[in-house]
Amino acid sequence: MDPRLQHIYENLDKMKIGVDEPFQFHCTQCGKCCTNREDILLNPQDLFRMAKYLEQTPQDVVEHFCEVYTGPDSRMPIVRLLPEGPTKRCPFLVRNKCRIHEAKPTVCAMFPIGRGQGFDPKTGDPLPGILYIFDKPSCGDDSETHTVREWLGSFHIPVDDPFYLEWGEALVFFTQALRKLEKLHPAATEMLVRPAVYEHLYLAYNTSGDFMPQFRENLKKTREFFQTLLASLEG
């Protein structure tokens, strides 16, 4: 397991925080959280916001600033910000400031708050709602007091973020479907299916419109495609 995930797993009860519970943190703009980072993953909404802010397409953002690879566990296409130089700094870090601050990736905007979804230990089913955590960072200071609700609200992230929940559910579905397809037809999955998932879920957006309606329509069509494909291969 990734050391960061292992740390969270072992200390989850101590790190959990309610949405209206206070925490102390003040960003001193030291830039530490933007260097030695190879783990900034972008979801479709991140790409959309960044593309809109930069007046580019999602494809442009990927080509200029990211890399795409297959998740070893999820089997999904993963989009990662590609760090630069020996310090492995974020490509958007300029003089210790984020040049896309208003549209920075969600994981960066939320820092030092993290989030996840709990699971029933007996059934393995996801529990309702979003679980928030606060892990005191090694940077910044304690000169400001915030709540999770206020902190997220400054970046227009709702505490009951519908995209996060719908994307999480989609990842479960597509992970299971891709694993099945890899067993049934590995070559077609690698050459045709996975690229189609990447295209439709990450790139097929018009930044002049609203994100969520497009995301839901893309998700619906891609899910229907998978269901039809699996039915034909298993029948």
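Me: What makes the three strands E2, E4 and E3 an open sheet, and which of them are the edge strands?
Reply: In this predicted model, the three strands stand in the order E2-E4-E3 with antiparallel pairing, and the sheet they form is open. The edge strands are E2 (41–42) and E3 (66–70), since each of them pairs on one side only.

Me: How do you know that E3 and E4 pair?
Reply: Two strands pair if there are at least two bridges between them, and five bridges join E3 to E4 (residues 77–81), so the requirement is met, with the two strands running antiparallel. One of the residues involved is Glu67, whose bridge partner in E4 is Arg80. Helix H3 (residues 58–65) packs on this sheet, where it touches E3 and E4, and its direction makes about 95° with that of E3.

Me: Why is the pair of Phe48 and Phe211 called tilted?
Reply: A search of the whole structure finds 19 aromatic pairs, and in this one the ring centres are 5.2 Å apart, which is within the 6.5 Å cut-off for a pair. The planes stand at 55°, neither under 30 degrees as for stacked rings nor over 60 as for edge-to-face ones, so the pair is tilted. Because Phe48 lies in helix H2 (residues 44–54) and Phe211 in helix H8 (residues 211–234), the pair ties together parts that are 163 residues apart in sequence.

Me: Are Phe48 and Phe211 buried or exposed, and how do you know?
Reply: Buried means under 20% relative accessible area; Phe48 has 6% and Phe211 has 7%, so both residues count as buried.

Me: Why is the pair of Phe163 and Trp167 called stacked?
Reply: Their ring centres are 6.1 Å apart, within the 6.5 Å limit, and their planes are at 10°, which is under 30 degrees, so the pair is stacked. Phe163 and Trp167 are four residues apart in helix H6 (residues 162–184), which means that about one helical turn separates them. Both Phe163 and Trp167 are buried, and they belong to one aromatic cluster that also includes Phe48 and Phe211.

Me: What makes the charged end of Arg223 count as sitting over the ring of Phe173?
Reply: The charged end of Arg223 is 4.3 Å from the centre of the Phe173 ring, which satisfies the distance limit of 6 Å, and it is found to sit over that ring.

Me: How do you know that Cys27 and Cys90 form no disulfides?
Reply: A disulfide needs two cysteine sulfur atoms within 2.5 Å. The sulfur of Cys27 is 6.1 Å from the closest cysteine sulfur, in Cys33, and therefore too far for a bond. The sulfur of Cys90 is likewise too far, because its closest cysteine sulfur, in Cys34, is 5.9 Å away. A search of the whole structure finds zero disulfides.

Conventions. Residues are numbered from 1 along each chain as its sequence is written. This is a predicted model: local features need pLDDT of at least 70, side-chain atom pairs count only at pLDDT 80 or more; totals for chains, interfaces and linings use all residues. Side-chain values use heavy atoms; hydrogens and water are left out. Rings of Phe, Tyr and Trp (its six-membered ring) pair if their centres lie within 6.5 Å; planes under 30 degrees apart count as stacked, over 60 as edge-to-face and the rest as tilted. Buried means under 20% relative accessible area, exposed over 50%, partly exposed in between (1.4 Å probe, protein chains only). A charge sits over a ring if NZ of Lys or CZ of Arg is within 6 Å of the ring centre and within 35 degrees of the ring normal. Contact means heavy atoms within 4.5 Å. Axes are lines fitted to C-alpha atoms, for helices over the stretch in contact, and angles run from 0 to 180 degrees between N-to-C directions.
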